[in-house]
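Visitor: I would like to learn how to read a protein model, one feature at a time. Please take me through one.

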Amino acid sequence: MTLASAVLWGVAHLAADRRKTGVALMAAHVLMLAGILTVLTAFSTNLLSLAVQPHWLSWLTGGIVAIALAWTGVVVWSFVLVRPPRADRIGRFLTTTLTIALCALVLAPTVYATRVAYLSRDVVNSLFSATGNSPIVADDPWNGARRVNFLLLGADAAPSRPGVRTDSMTVASVDVETGATTLFGLPRNLQRVQLPRGPARDRFPWGFTGSGPETPGLLNEVFQYAEDNPDMVPGVGRGKRGPALIKETIGDILGIPVDYYAMIDMKGFAEIVDAMGGVHVTIKEPIVYGRHREGLIPAGTRKLSGEQALWYGRSRTDSDDYVRMGRQKCLLNAVAKQADPMTVLNSFERLAAATKRAISTDIPQGLLPAIVDLAQKVKGARIRSLNFVPPLISTAYPDWSLIRRKVSDALDDRRATKAATAARTPSPERPADDPVNLDTICG
């Protein structure tokens with residue numbers, strides 16, 4: 001009777017001749033299950049969005065705890081009504097043990113769910129600012145924009161040198177309706193970069209040249225230079241000067257506004273891949289990894305660990321910066337496709353810890369529900385890539401107008417459709433500088 005009451009409330013009460021209480025408990029249980037099923041089916045698309053809103057997570061935690069306590073209370077109440085008499089010691093011991101096990105079965109998932117909700121809220125509050133630069137309207141979070149542009153930075157903060165160098169710089173331009181995404185890759189060794197108008201350009205009127213003769217003055221130095229020189233971005237605090245200047249600089253290079261940025265530390269990226277359980281990547285040529293060539297990742301489709309994925313994305317042995325940029329885009333594509341909700345949930349605690357250590361961003365909390373919805377669209381849409389590397393662009397003497405024209409062409413709907421079709425059916429006539437579908441070139 002106790003076991004039956006754990007499955008359907010009120011069974012033990014009916015057996016103990018407490019009909020009204022039994023019927024009331026049964027009705028409450030059925031209504032509760034119907035409500036849960038309705039939420040899981042009718043509102044399933046909104047559940048992930050709710051999971052990134054701290055106030056909803058608090059309500060969810062409270063609701064789960066209340067249901068678990070009520071369920072446990074019904075199990076214990078049912079046992080008290082139908083337990084064996086004191087004289088039957090064996091029967092009482094066995095049924096008491098069963099009741100304790102049933103209560104644990106109800107409470108254990110509740111403890112786990114509460115832990116996940118707490119970690120989710122902690123990650124959201126740690127990474128994302130509660131206030132943004134402009135108010136976010138629920139009906140139109142993108143303020144009428146057709147596309148939203150995210151700057152993705154891979155930061156290499158090695159112990160052997162001070163500061164942070166943004167060795168990987170990619171702008172993901174996402175269509176807010178379809179999720180179709182184009183990745184624009186900029187090489188780290190781009191020279192004579194024109195900085196935004198104002199104090200930055202006043203200091204470097206002919207293009208960025210770095211801190212002096214000891215630095216080459218490459219694009220990957222702009223972030224740290226802004227952090228070290230407050231007058232480059234007046235009125236902006238430490239930790240925000242670098243993102244502000246690199247966003248404006250890259251936006252000017254590409255001729256599109258950069259709305260938000262996200263920066264991940266290279267070592268942290270490896271931790272995130274490990275937390276996911278690895279990532280499947282198709283490797284065209286064997287990749288040497290390790291500073292002393294101590295390993296080799298063979299060609300073929302294989303599952304990479306965090307360390308292997310990191311070297312796959314950063315290794316330049318027997319290749320160059322531009323081949324490495326292509327591999328980085330393939331890695332981003334693979335992680336985006338394989339980070340499904342179940343994978344995330346199964347390793348949530350490790351992912352949460354790695355994410356807090358490795359990522360910084362200026363995406364506001366209020367935009368997270370829209371970001372989650374957009375991410376689901378991106379997973380089902382095509383992701384294309386265009387890298388501004390030789391021979392298309394000279395890194396020493398870049399043609400800025402050509403870069404902006406190529407970006408404009410890549411984001412033109414008609415040209416984008418034509419390029420995507422060409423990428424699926426390769427031909428010698430297709431220009432090498434057209435955006436290509438990452439699923440095609442990455443396998």
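Guide: What follows goes from the overall make-up to the sheet, then to single residues and ring pairs. Keep in mind that this is a predicted model.

Visitor: How many helices and strands are there in the protein?

Guide: The protein has 18 helices and 11 strands. Of its 443 residues, 46% count as buried. Among contacts between residues at least 6 apart in sequence, 66% join residues at least 24 apart.

Visitor: How do I read a sheet, and what order do the strands of the open sheet have?

Guide: Follow the strands from one edge to the other. Here seven strands form an open sheet with mixed pairing, in the order E9-E4-E1-E2-E3-E10-E11. Strand E9 (359–361) and strand E11 (436–437) are the edge strands, and each of them pairs on one side only. At the E9 end, strand E4 (residues 260–265) pairs with E9 in the antiparallel sense over three bridges. Within this pair, methionine 263 stands opposite serine 360 in E9.

Visitor: Which strands does H16 touch where it packs on the sheet?

Guide: H16 touches strand E1 (147–156), E2, E3 and E10. The direction of H16 makes about 165° with that of E3.

Visitor: What should I know about side chains along a strand?

Guide: In a regular strand, side chains alternate between the two faces of the sheet. For one residue in a strand of this sheet, take serine 173, which is placed in strand E2 (residues 165–175).

Visitor: Is serine 173 buried or exposed?

Guide: Compare its relative accessible area with the cut-off: buried means under 20%. Serine 173 has 0%, so it is buried. Its side chain makes a polar contact of 2.7 Å with the side chain of asparagine 149. Leaving aside residues up to four places away in sequence, serine 173 touches Arg147, Val148, Asn149, Ala180, Thr181, Thr182, Phe184 and Leu411.

Visitor: Phe184 is in that list. How do I read an aromatic pair?

Guide: Look at the distance between ring centres and the angle between ring planes. The whole structure holds six aromatic pairs. One of them joins phenylalanine 184 and phenylalanine 388, which are stacked at 6.3 Å centre to centre with 20° between the planes. Phenylalanine 184 lies in strand E3 (residues 181–186), and phenylalanine 388 lies in the loop between strand E10 (383–387) and helix H16 (400–411), so the pair ties together parts 204 residues apart in sequence. Both of these phenylalanines are buried.

Visitor: What kind of aromatic pair do phenylalanine 204 and tyrosine 225 form?

Guide: Phenylalanine 204 and tyrosine 225 form an edge-to-face pair, 5.5 Å centre to centre and with 70° between the planes. Because phenylalanine 204 lies in the loop between helix H7 (199–203) and helix H8 (222–228), and tyrosine 225 in helix H8, the pair ties together parts 21 residues apart in sequence. Phenylalanine 204 is buried at a relative accessible area of 7%, and tyrosine 225 counts as buried at 9%. Ring pairs link Phe204, Phe208 and Tyr225 into a cluster.

Visitor: Which residue lies over the face of tyrosine 312?

Guide: Arginine 327 does, at 5.8 Å from the ring centre.

Visitor: To finish, how is strand E5 covered and joined to E8?

Guide: Count its buried residues, then its bridges. Strand E5 (residues 279–283) is mostly covered, with four of its five residues buried. Five bridges join E5 to strand E8 (residues 300–304), and the two run antiparallel. Valine 279 stands opposite leucine 304 in E8.

Definitions and conventions: Residues are numbered from 1 along each chain as its sequence is written. This is a predicted model: local features need pLDDT of at least 70, side-chain atom pairs count only at pLDDT 80 or more; totals for chains, interfaces and linings use all residues. Side-chain values use heavy atoms; hydrogens and water are left out. Buried means under 20% relative accessible area, exposed over 50%, partly exposed in between (1.4 Å probe, protein chains only). A polar contact is a pair of N or O atoms within 3.5 Å; within protein, one must be able to donate a hydrogen and the other to accept it, and residues adjacent in sequence count only if both atoms are side-chain atoms. Contact means heavy atoms within 4.5 Å. Rings of Phe, Tyr and Trp (its six-membered ring) pair if their centres lie within 6.5 Å; planes under 30 degrees apart count as stacked, over 60 as edge-to-face and the rest as tilted. A charge sits over a ring if NZ of Lys or CZ of Arg is within 6 Å of the ring centre and within 35 degrees of the ring normal. Two strands pair if DSSP finds at least two bridges between them. Axes are lines fitted to C-alpha atoms, for helices over the stretch in contact, and angles run from 0 to 180 degrees between N-to-C directions.
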